[in-house]
Amino acid sequence: MQAAIVTGASRGLGLALCADLLQRGFTVIGLARQESTALKQLAGHHPDRLHFLPADMADSAALSGLLAEALTLLPTADLQQLLLINNAGVVAPIASAGFYPTTELLQAIAVNLTAPMLLTDALLRLSDDLDCQLRVACISSGAAIKAYPGWGVYGSSKAGLDHFCRHVAAEQQERARPALIAALYPGVVDTDMQATIRSSDPAQFPNKERFDALKRDGGLSSPQQAARKIIDHLLSADFGQHSVLDIRQLPD
Ligand SMILES: NC(=O)c1ccc[n+]([C@@H]2O[C@H](COP(=O)([O-])OP(=O)(O)OC[C@H]3O[C@@H](n4cnc5c(N)ncnc54)[C@H](OP(=O)(O)O)[C@@H]3O)[C@@H](O)[C@H]2O)c1
(Lines give C-alpha, C1' and ligand atoms only; values in the text may rest on other atoms or scores of the structure.)
Protein backbone atom coordinates (compact mmCIF):
# COMPACT_ATOMS: atom_id res chain seq x y z
CA MET A 1 0.00 0.00 0.00
CA GLN A 2 0.96 3.65 -0.44
CA ALA A 3 0.52 6.26 2.28
CA ALA A 4 1.23 9.94 2.84
CA ILE A 5 1.55 12.25 5.82
CA VAL A 6 0.56 15.81 4.86
CA THR A 7 0.93 18.86 7.11
CA GLY A 8 -1.31 21.90 6.66
CA ALA A 9 -4.10 19.58 5.47
CA SER A 10 -7.04 21.73 6.56
CA ARG A 11 -7.15 24.12 3.59
CA GLY A 12 -5.37 25.59 0.59
CA LEU A 13 -2.66 23.56 -1.09
CA GLY A 14 -2.51 20.95 1.71
CA LEU A 15 -6.20 20.10 1.37
CA ALA A 16 -5.80 19.76 -2.42
CA LEU A 17 -2.73 17.54 -1.93
CA CYS A 18 -4.78 15.24 0.34
CA ALA A 19 -7.65 15.08 -2.19
CA ASP A 20 -5.26 14.31 -5.05
CA LEU A 21 -3.48 11.56 -3.10
CA LEU A 22 -6.79 9.97 -2.06
CA GLN A 23 -7.89 9.93 -5.70
CA ARG A 24 -4.72 8.01 -6.53
CA GLY A 25 -5.50 5.39 -3.89
CA PHE A 26 -3.20 6.59 -1.11
CA THR A 27 -4.01 6.35 2.58
CA VAL A 28 -3.52 9.86 3.95
CA ILE A 29 -2.83 11.24 7.41
CA GLY A 30 -3.66 14.94 7.40
CA LEU A 31 -2.26 17.24 10.08
CA ALA A 32 -3.44 20.73 11.03
CA ARG A 33 -4.45 22.57 14.18
CA GLN A 34 -8.13 22.01 13.43
CA GLU A 35 -10.07 19.70 11.17
CA SER A 36 -11.79 22.06 8.73
CA THR A 37 -15.27 21.43 7.30
CA ALA A 38 -13.66 20.77 3.91
CA LEU A 39 -11.32 18.13 5.37
CA LYS A 40 -14.24 16.50 7.22
CA GLN A 41 -16.16 16.35 3.93
CA LEU A 42 -13.17 14.74 2.23
CA ALA A 43 -12.94 12.21 5.07
CA GLY A 44 -16.66 11.49 4.55
CA HIS A 45 -15.84 10.36 0.98
CA HIS A 46 -12.84 8.29 2.10
CA PRO A 47 -13.65 7.16 5.66
CA ASP A 48 -11.08 4.35 5.71
CA ARG A 49 -8.22 6.16 3.99
CA LEU A 50 -8.16 9.69 5.44
CA HIS A 51 -7.17 10.18 9.07
CA PHE A 52 -6.90 13.55 10.79
CA LEU A 53 -4.34 14.24 13.51
CA PRO A 54 -4.58 17.58 15.36
CA ALA A 55 -1.15 19.18 15.48
CA ASP A 56 0.39 22.57 16.07
CA MET A 57 3.55 22.82 13.97
CA ALA A 58 4.82 25.55 16.30
CA ASP A 59 4.89 23.04 19.18
CA SER A 60 8.37 21.85 18.23
CA ALA A 61 8.88 19.54 21.21
CA ALA A 62 5.78 17.50 20.31
CA LEU A 63 6.64 16.80 16.68
CA SER A 64 8.77 13.67 17.00
CA GLY A 65 6.00 12.03 19.08
CA LEU A 66 3.44 13.21 16.56
CA LEU A 67 5.25 11.53 13.69
CA ALA A 68 5.43 8.33 15.74
CA GLU A 69 1.68 8.57 16.37
CA ALA A 70 1.04 9.04 12.65
CA LEU A 71 2.99 5.86 11.89
CA THR A 72 0.87 3.87 14.37
CA LEU A 73 -2.18 4.72 12.20
CA LEU A 74 -0.62 2.95 9.22
CA PRO A 75 -0.24 -0.81 8.61
CA THR A 76 3.50 -0.36 8.34
CA ALA A 77 4.18 -4.02 7.42
CA ASP A 78 2.20 -3.52 4.17
CA LEU A 79 3.73 -0.19 3.21
CA GLN A 80 5.50 -0.03 -0.14
CA GLN A 81 5.80 3.73 -0.33
CA LEU A 82 5.51 6.43 2.33
CA LEU A 83 5.43 10.15 1.54
CA LEU A 84 5.89 13.03 3.95
CA ILE A 85 4.74 16.39 2.58
CA ASN A 86 5.87 19.29 4.77
CA ASN A 87 3.32 21.80 3.49
CA ALA A 88 2.11 23.83 6.51
CA GLY A 89 3.36 27.40 6.33
CA VAL A 90 2.71 30.99 7.34
CA VAL A 91 3.68 34.18 5.51
CA ALA A 92 3.32 36.40 8.59
CA PRO A 93 4.94 38.50 9.90
CA ILE A 94 4.98 40.77 6.84
CA ALA A 95 7.34 43.44 8.12
CA SER A 96 10.81 44.84 7.53
CA ALA A 97 13.74 44.19 9.85
CA GLY A 98 13.52 46.78 12.58
CA PHE A 99 9.78 46.15 12.97
CA TYR A 100 9.60 42.40 13.67
CA PRO A 101 7.04 41.20 16.23
CA THR A 102 9.15 38.65 18.15
CA THR A 103 6.39 36.11 18.84
CA GLU A 104 5.26 36.01 15.19
CA LEU A 105 8.85 35.70 13.97
CA LEU A 106 9.50 32.73 16.26
CA GLN A 107 6.20 31.14 15.21
CA ALA A 108 7.04 31.51 11.51
CA ILE A 109 10.48 29.93 11.86
CA ALA A 110 8.99 27.11 13.96
CA VAL A 111 6.22 26.32 11.45
CA ASN A 112 8.12 26.92 8.18
CA LEU A 113 11.55 25.54 9.06
CA THR A 114 11.85 23.80 12.45
CA ALA A 115 8.76 21.61 11.96
CA PRO A 116 9.81 20.19 8.56
CA MET A 117 13.29 19.49 9.96
CA LEU A 118 11.96 17.70 13.04
CA LEU A 119 9.29 15.71 11.17
CA THR A 120 11.78 14.61 8.52
CA ASP A 121 14.31 13.70 11.20
CA ALA A 122 11.72 11.65 13.09
CA LEU A 123 10.55 9.91 9.91
CA LEU A 124 14.09 8.90 8.94
CA ARG A 125 14.82 7.64 12.46
CA LEU A 126 11.54 5.81 13.05
CA SER A 127 11.31 4.25 9.61
CA ASP A 128 14.63 2.45 9.89
CA ASP A 129 12.78 -0.86 10.27
CA LEU A 130 10.28 -0.17 7.51
CA ASP A 131 10.78 -1.96 4.22
CA CYS A 132 9.39 0.83 2.08
CA GLN A 133 10.42 3.69 -0.18
CA LEU A 134 10.47 7.09 1.55
CA ARG A 135 9.92 10.37 -0.29
CA VAL A 136 9.82 13.79 1.41
CA ALA A 137 8.57 16.97 -0.27
CA CYS A 138 9.02 20.30 1.48
CA ILE A 139 6.78 23.03 0.07
CA SER A 140 9.05 26.04 -0.28
CA SER A 141 8.73 29.31 -2.18
CA GLY A 142 10.45 31.48 -4.76
CA ALA A 143 10.89 33.90 -1.83
CA ALA A 144 13.72 31.59 -0.78
CA ILE A 145 15.88 33.00 -3.58
CA LYS A 146 14.26 36.33 -4.48
CA ALA A 147 14.22 39.10 -1.85
CA TYR A 148 10.83 40.79 -1.43
CA PRO A 149 10.98 43.70 1.04
CA GLY A 150 8.74 42.80 3.99
CA TRP A 151 9.16 39.04 3.54
CA GLY A 152 12.52 38.70 5.29
CA VAL A 153 11.22 36.21 7.86
CA TYR A 154 9.23 34.15 5.35
CA GLY A 155 11.99 34.14 2.71
CA SER A 156 14.67 33.27 5.25
CA SER A 157 12.64 30.37 6.62
CA LYS A 158 12.13 29.00 3.09
CA ALA A 159 15.82 29.49 2.18
CA GLY A 160 16.64 27.45 5.29
CA LEU A 161 14.16 24.80 4.19
CA ASP A 162 15.80 24.58 0.74
CA HIS A 163 19.22 24.13 2.26
CA PHE A 164 17.94 21.53 4.70
CA CYS A 165 16.69 19.51 1.71
CA ARG A 166 20.08 19.83 -0.02
CA HIS A 167 21.82 18.51 3.10
CA VAL A 168 19.49 15.58 3.66
CA ALA A 169 19.65 14.66 -0.03
CA ALA A 170 23.45 14.58 0.17
CA GLU A 171 23.35 12.50 3.36
CA GLN A 172 20.89 10.03 1.91
CA GLN A 173 23.00 9.48 -1.22
CA GLU A 174 25.41 7.54 0.98
CA ARG A 175 22.66 5.14 2.10
CA ALA A 176 21.97 1.71 0.63
CA ARG A 177 18.30 2.61 0.27
CA PRO A 178 18.17 6.40 0.18
CA ALA A 179 15.11 8.40 1.09
CA LEU A 180 14.42 10.96 -1.64
CA ILE A 181 13.82 14.58 -0.67
CA ALA A 182 13.24 17.88 -2.46
CA ALA A 183 12.05 21.42 -1.78
CA LEU A 184 9.36 22.37 -4.30
CA TYR A 185 8.16 25.88 -5.22
CA PRO A 186 4.44 25.67 -6.03
CA GLY A 187 4.11 29.01 -7.89
CA VAL A 188 1.44 31.54 -6.94
CA VAL A 189 -1.58 29.55 -5.73
CA ASP A 190 -5.06 30.89 -4.98
CA THR A 191 -5.31 30.17 -1.24
CA ASP A 192 -5.87 31.97 2.06
CA MET A 193 -2.16 32.79 2.09
CA GLN A 194 -2.57 34.88 -1.07
CA ALA A 195 -5.57 36.63 0.52
CA THR A 196 -3.36 37.47 3.51
CA ILE A 197 -0.72 38.88 1.14
CA ARG A 198 -3.30 41.02 -0.70
CA SER A 199 -4.62 42.37 2.61
CA SER A 200 -1.15 43.38 3.80
CA ASP A 201 -0.10 46.98 4.41
CA PRO A 202 1.67 48.32 1.26
CA ALA A 203 3.94 50.31 3.55
CA GLN A 204 5.23 46.98 4.93
CA PHE A 205 5.01 45.07 1.62
CA PRO A 206 5.75 47.28 -1.42
CA ASN A 207 5.16 44.36 -3.86
CA LYS A 208 1.51 44.05 -2.82
CA GLU A 209 0.27 45.55 -6.14
CA ARG A 210 1.99 42.75 -8.09
CA PHE A 211 -0.01 40.14 -6.15
CA ASP A 212 -3.24 42.18 -6.47
CA ALA A 213 -2.67 42.22 -10.26
CA LEU A 214 -1.96 38.49 -10.43
CA LYS A 215 -5.33 37.79 -8.76
CA ARG A 216 -7.16 40.37 -10.91
CA ASP A 217 -5.65 39.04 -14.15
CA GLY A 218 -6.18 35.34 -13.42
CA GLY A 219 -2.48 34.72 -12.88
CA LEU A 220 -2.87 32.34 -9.94
CA SER A 221 -3.00 28.59 -10.26
CA SER A 222 -5.71 26.71 -8.42
CA PRO A 223 -4.72 24.56 -5.42
CA GLN A 224 -5.87 21.52 -7.42
CA GLN A 225 -3.60 22.35 -10.41
CA ALA A 226 -0.60 22.91 -8.16
CA ALA A 227 -1.33 19.76 -6.13
CA ARG A 228 -1.60 17.59 -9.25
CA LYS A 229 1.75 18.83 -10.53
CA ILE A 230 3.42 18.32 -7.15
CA ILE A 231 2.14 14.76 -6.77
CA ASP A 232 2.90 13.87 -10.41
CA HIS A 233 6.49 14.94 -9.77
CA LEU A 234 6.74 13.41 -6.30
CA LEU A 235 5.74 10.00 -7.69
CA SER A 236 7.89 10.27 -10.82
CA ALA A 237 11.28 8.69 -11.47
CA ASP A 238 12.75 12.21 -11.60
CA PHE A 239 11.87 13.11 -8.02
CA GLY A 240 14.97 13.88 -5.97
CA GLN A 241 17.20 14.59 -8.96
CA HIS A 242 16.94 18.29 -8.10
CA SER A 243 16.85 18.99 -4.38
CA VAL A 244 15.23 22.39 -5.05
CA LEU A 245 12.75 22.76 -7.91
CA ASP A 246 10.12 25.25 -9.11
CA ILE A 247 7.20 23.10 -10.29
CA ARG A 248 6.41 25.70 -12.97
CA GLN A 249 9.49 24.37 -14.81
CA LEU A 250 7.81 20.98 -15.14
CA PRO A 251 5.64 20.20 -18.18
CA ASP A 252 1.84 20.47 -17.58
N1 LIG B 1 -0.23 30.17 -1.89
C2 LIG B 1 0.87 30.50 -2.54
O3 LIG B 1 0.86 31.29 -3.49
C4 LIG B 1 2.19 29.91 -2.11
C5 LIG B 1 3.33 30.27 -2.85
C6 LIG B 1 4.56 29.72 -2.49
C7 LIG B 1 4.63 28.83 -1.45
N8 LIG B 1 3.50 28.48 -0.75
C9 LIG B 1 3.64 27.52 0.34
O10 LIG B 1 2.65 26.52 0.21
C11 LIG B 1 2.33 26.00 1.50
C12 LIG B 1 0.81 25.98 1.68
O13 LIG B 1 0.36 27.32 1.66
P14 LIG B 1 -1.15 27.73 1.35
O15 LIG B 1 -1.08 28.78 0.33
O16 LIG B 1 -1.98 26.53 1.12
O17 LIG B 1 -1.50 28.42 2.75
P18 LIG B 1 -2.87 28.51 3.56
O19 LIG B 1 -4.03 28.44 2.66
O20 LIG B 1 -2.70 29.71 4.43
O21 LIG B 1 -2.85 27.18 4.45
C22 LIG B 1 -1.84 27.01 5.40
C23 LIG B 1 -1.95 25.64 6.03
O24 LIG B 1 -0.89 25.55 7.00
C25 LIG B 1 -1.47 25.18 8.24
N26 LIG B 1 -0.78 25.79 9.37
C27 LIG B 1 -0.44 27.09 9.53
N28 LIG B 1 0.09 27.28 10.76
C29 LIG B 1 0.06 26.06 11.37
C30 LIG B 1 0.46 25.59 12.65
N31 LIG B 1 0.98 26.40 13.59
N32 LIG B 1 0.30 24.28 12.93
C33 LIG B 1 -0.25 23.45 12.03
N34 LIG B 1 -0.64 23.82 10.81
C35 LIG B 1 -0.49 25.12 10.49
C36 LIG B 1 -2.90 25.66 8.19
O37 LIG B 1 -3.68 24.85 9.07
P38 LIG B 1 -4.51 25.44 10.31
O39 LIG B 1 -4.39 26.94 10.28
O40 LIG B 1 -5.90 24.96 10.07
O41 LIG B 1 -3.86 24.81 11.48
C42 LIG B 1 -3.26 25.41 6.73
O43 LIG B 1 -3.69 24.10 6.55
C44 LIG B 1 3.05 26.88 2.51
O45 LIG B 1 4.23 26.25 2.96
C46 LIG B 1 3.39 28.13 1.72
O47 LIG B 1 4.53 28.80 2.22
C48 LIG B 1 2.29 29.01 -1.06
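Guide: A residue is partly exposed when its count of other C-beta atoms within 10 Å falls between the buried cut-off, 20 or more, and the exposed one, 12 or fewer. Keep in mind that this is a predicted model.

Visitor: OK, try that on Gln172. How many other C-beta atoms lie within 10 Å?

Guide: There are 17, so Gln172 is partly exposed.

Visitor: Which helix is Gln172 in?

Guide: Gln172 sits in helix H5, which covers residues 152-173.

Visitor: And what does Gln172 touch, leaving out residues up to four places away in sequence?

Guide: Gln172 touches Pro178, Ala179 and Ile181. As for Leu184, that residue is 12 places from Gln172 along the chain, and their C-alpha atoms are 18 Å apart.

Visitor: New topic. Which residues come nearest to the ligand?

Guide: Gly8, Gly12, Arg33, Gly89 and Thr191, out of 28 residues around the ligand. Two elements give two or more residues to that shell: helix H1 (12-23) and helix H6 (192-198).

Visitor: What classes of residue make up the shell?

Guide: The shell has 14 nonpolar residues, 10 polar and four charged.

Visitor: Back to H1. At what angle do H1 and H2 pack?

Guide: About 5°, and their axes are 11 Å apart. H2 is the helix of residues 37-45. The angle is under 35 degrees, so H1 is roughly parallel to H2.

Visitor: Which residues meet there?

Guide: From H1, Leu15, Cys18, Ala19 and Leu22. From H2, Ala38, Leu39 and Leu42.

Visitor: How many of those are nonpolar, polar or charged?

Guide: Seven are nonpolar, with no polar and no charged residues in the contact.

Notes. Residues numbered from 1 in each chain as written. Predicted model: local features only at pLDDT ≥ 70, side-chain atom pairs only at ≥ 80, totals over all residues. Near = placed C-beta within 6 Å. Helix = DSSP H or I, 4+ residues; strand = E, 2+ residues; numbered from the N terminus. Nonpolar A, V, L, I, M, F, W, Y, C, P; charged D, E, K, R; others polar. Contact = placed C-beta atoms within 7 Å. Axes fitted to C-alpha atoms, helices over the stretch in contact; angles between N-to-C directions. Parallel < 35°, antiparallel > 145°, perpendicular 65-115°, else oblique.
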